[in-house]
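Here is the note you asked for, set out as numbered points for a colleague who has not yet looked at this structure.

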Amino acid sequence: MVPSGLFGWASPHVQPLTPVSEVSEPPESPSPYGDGPSGDAGVGVREGEGADDEDVEEDEVEPPPAAVSFWRLFEFADGLDWALMAAGALAAAAHGAALVVYLHYFGRSLNLLDSERIQSALHGRSDELLNQFKQHALYIIYIAAGVFVAGWIEVSCWILTGERQTAVIRSKYVQVLLNQDMSFFDTYGNNGDIVSQVLSDVLLIQSAISEKVGNYIHNMATFVGGLIVGLLNCWQIALLTLATGPLIVAAGGISNIFLHRLAENIQDAYAEAASIAEQATSYIRTLYAFTNETLAKYSYATSLQATLRYGILISLVQGIGLGFTYGLAICSCALQLWVGRHLISRGKADGGQVVVALFAVILSGLGLNQAATNFYSFEQGRIAAYRLYEMISRSTSSTNLEGTTIPQVQGNIEFRNVYFSYLSRPEIPILSGFFLSVPARKTVALVGRNGSGKSSIIPLMERFYDPTLGEVLLDGENIKNLKVEWLRSQIGLVTQEPALLSLSIRENIAYGRFATFDQIEEAAKTAHAHGFISSLEKGYETQVGRAGLALTDEQKIKISIARAVLSSPSILLLDEVTGGLDFEAEKAVQGALDVLMLGRSTIIIARRLSLIKHADYIAVMEEGHLVETNQE
Ligand SMILES: Nc1ncnc2c1ncn2[C@@H]1O[C@H](COP(=O)(O)OP(=O)(O)OP(=O)(O)O)[C@@H](O)[C@H]1O
Ligand SMILES: [Mg+2]
């Protein structure tokens, strides 16, 4: 898109011309850097043009990106926002109109300056001129005071409401994000991309719904006000100015079209030259070995000739375009003044009115031009809003927020003929006819090859997903009928890679639950973590996580065990907890786990023998189903 500036004229984005120093003598051998004969840069350029044509055609068939309507940008505005926007809009309109109103009074002041009145004022015969000037100066001071207040209200109201509305959008989005099914994260990835996409989209929306709207209203008020003031002062001059306007815009527009084309061509030519230099440097050994330096220099310098030619054309078109645009604008002013002279001599207008009509219409055109510059932001905001609102309106998690609870949990777990595959890869069966039963307060070790589906029973137990077929029971009740929050609070999960937030150790152990310091310390002692935590300089207040102290795997696991101890779950799921630890660390962690497992129904997923020797039962899994167990 060619940005439109004053009178529709704008300088294109053209790279600076590289001066071509003396071209070295052409080598005798043909250039290995171009397809055609050396120096035939035009070939490359013509190819580039051909490619451009194709691009243009592709652009034409591409449908515009989906966007919401302008008014839907304000979907999250509340009463106060609408009040702020109304005040901001009124202030912006007043601010925008003030300039042309000032012009009107300026014209009236000009009219006071007729020679008779000046003479009488100079000879002290009358104070009339002075008084009238004072009066007009006072009006202009009122306008200035109005502009001061209106400008302040305009900008602050729009910025404030923009911040308020986007804060709502941000928090709504995060709420929705946290309510999504696990399959959403499987599909979109949970690596933070969605969050950064949201941040940039929200910024685009914020830009579209805050000062830009104020700026648009402001400039449209200048546009409409300019037309009205122009027509009221001298409609003949105003209409004539309007009639010559399109000519000036057309002059700018035509040169812009040529400049846009030339700018693309020169960029292609630069790219071609750069590729020659790049090839030469990346294969520098071969180049030196074949003593082809001169050839490379010649090819590069020759391809720069094309950029020089385009540079000359650009300078011509740009210069002529600019000259024509402003020349025509001044010619138009001369024409209005000439016509104005006739109007004045016939008593149809006075000097001030002619000048005011002329400049009011020019200001009006500039206002329209400036108002149009906001359309790009509006467009970007509408496209970003479409993406974001679609996400916000996505159906939220299907998980049951209602449901029942079991007053006294025993902890009998049963997987009964469970079939399951992940939604992101529905064609691959993960569990097929899986049975497992964990008696209350007993420990079952689940073993099996990599990828046999052991870890996949954890999300099923936690109801991150539901089985395709079959059921998971807790104390004989299908977990689908249980309240999800309650169910999850009954389960303690410890994995090999525990998630530590960028908070203190104390907050990481509590993890959002209310707990006194004594309870936290008690949990840490049970998890055998108290020792190392107290040896830290800041103890439980030590910051960990990404920005904090780097803990060893063993320490991290101990903190996550303390977290599980604190929540005192009836069911424990341990997934390869000590899988990545060395022998010593494994023994230390195992000690903590033994205490934790006491009196809880536990499923240990493990590959090492040392882990399963504490289990009451062992179940072997293969390709998604149970193949062997020592349970009766
Ligand atoms: N979120 C997911 N989305 C899609 N496929 C997944 C997902 N998680 C695991 N899988 C696939 O499911 C299969 C079983 O994985 P699972 O992690 O349950 O096996 P595992 O027995 O725990 O293996 P390991 O011993 O390596 O931990 C694997 O093929 C894995 O690629
Ligand atoms: Mg696993």
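**Notes on the predicted model**

1. In this predicted model, the largest nonpolar core is made up of 59 residues, and those with the most contacts inside it are Leu446, Ile509, Ile561, Ala562 and Ile604. Helix H17, which covers residues 553-567, gives the most to this core, contributing seven residues. A second core, separate from the one just described, has 49 residues, among them Ala150, Ala238, Ala360 and Ala384.

2. Leucine 446 deserves a closer look, and if residues up to four places away in sequence are not counted, leucine 446 touches Lys454, Ile603, Ile604, Ile605, Ala619 and Met621. Of these, Ile604 is also listed with leucine 446 among the residues with the most contacts inside the largest core, while Lys454 appears again in the surroundings of the ligand, being one of the closest residues to ligand 1.

3. Which residues are closest to ligand 1? Tyr422, Asn450, Lys454, Ser455 and Ser456 are the closest, within a shell of 13 residues that surround ligand 1. Sorted by class, this shell holds two nonpolar, eight polar and three charged residues.

4. An open sheet is formed by four strands, whose order is E2-E1-E4-E5 and whose pairing is antiparallel. Strand E2 (431-438) and strand E5 (477-478) are at the edges and have a single partner strand each, so one side of each is left without a neighbour in the sheet. At the E5 edge, strand E4 (residues 469-474) is joined to E5 by two bridges, and these two strands run antiparallel; leucine 474 has glutamate 477 in E5 as its bridge partner.

5. The UniProt record, an unreviewed entry, places the feature "transmembrane region" at residues 82-105, 139-161, 216-238, 312-339 and 351-368. In the model, the span 139-161 is 100% helix and 0% strand, with its end C-alpha atoms 32 Å apart. The span 312-339 is likewise 100% helix and 0% strand, and its end C-alpha atoms lie 40 Å apart. Ala150 and Ala238, which belong to the second core, fall at positions that the record includes in this feature.

6. For the protein chain as a whole, the secondary structure comes to 19 helices and ten strands, and 33% of its 632 residues count as buried. Among the contacts between residues at least 6 apart in sequence, 83% join residues that are at least 24 apart.

Technical notes. Residues numbered from 1 in each chain as written. Chains lettered and ligands numbered in written order. Predicted model: local features only at pLDDT ≥ 70, side-chain atom pairs only at ≥ 80, totals over all residues. Pairing = 2+ DSSP bridges. Core = buried A, V, L, I, M, F, W, Y, C linked by C-beta atoms within 7 Å. Buried ≥ 20, exposed ≤ 12 C-beta atoms within 10 Å, placed from the backbone. Contact = placed C-beta atoms within 7 Å. Near = placed C-beta within 6 Å. Nonpolar A, V, L, I, M, F, W, Y, C, P; charged D, E, K, R; others polar. UniProt positions renumbered as here; feature names shortened; annotations may be inferred.
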